[in-house]
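Dear colleague,

Please find the structure below. A short account of the findings follows it.

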Amino acid sequence: RLRVRLVVPPKKDRILCMEGHAQLIEATAVGSNIDASSMIAPGTFGIPQAEAAKKKADEARAERMRGTSSGAEVKEDVLRCSGEVWIEDARTGDNRKKLGRFVMEKERIADPTKLIYTIPRPTR
């Protein structure tokens with residue numbers, strides 16, 4: 001489980017809480033490139049088409065692990081967290097008000113040095 005607590009400005013007497021389940025989704029499960037070996041039952045020995053599909057999927061998995069994938073784009077695993085959001089009092093944790101659900105997902109960024117972070121100056 002993942003819990004994120006953020007202080008709500010300007011009074012800072014409320015806290016925004018996000019709590020949910022974090023999971024790592026393998027690159028083979030993302031998009032249309034599904035791993036064929038996971039769909040083939042282990043009792044399919046002797047069926048030539050099933051054996052060929054399993055062998056091809058195993059070779060593709062081995063190439064991905066070595067980093068020598070023949071595809072132009074290298075797929076990476078996706079980190080996703082989803083859960084509930086609520087707001088509560090900062091001091092006591094009482095007066096919870098549910099706001100809804102959230103989903104966070106890690107994105108691949110081509111050049112992280114080009115990101116701009118703007119953080120306003122705190123007011124007191």
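In this message, a polar contact is a pair of N or O atoms within 3.5 Å; within protein, one atom must be able to donate a hydrogen and the other to accept it, and residues adjacent in sequence count only if both atoms are side-chain atoms. The model is predicted, so to speak of local features requires a pLDDT of at least 70 and side-chain atom pairs count only at pLDDT 80 or more, while totals for chains, interfaces and linings use all residues. Residues are numbered from 1 along each chain as its sequence is written, and side-chain values use heavy atoms, with hydrogens and water left out.

The sheet: four strands form an open, antiparallel sheet in the order S1-S2-S3-S4 (strands are DSSP runs of E, at least two residues, numbered from the N terminus; two strands pair if DSSP finds at least two bridges between them). S1 (2-8) and S4 are the edge strands, each pairing on one side only. Seven bridges link S1 and S2, with Val8 partnered by Arg14 in S2. S2 is joined to S3 (residues 78-89) by twelve bridges, and S3 pairs with S4 (residues 97-105) over eight.

Glu19: this residue lies in S2 (residues 14-25). Glu19 is buried (under 20% relative accessible area, 1.4 Å probe, protein chains only), at 19%. Its side chain makes polar contacts with the side chains of Arg1 (3.4 Å) and Arg3 (2.6 Å). Beyond four places in sequence, the residues in contact with Glu19 (heavy atoms within 4.5 Å) include Gly83, Trp86 and Phe102.

Yours sincerely

Key. Buried means under 20% relative accessible area, exposed over 50%, partly exposed in between (1.4 Å probe, protein chains only).
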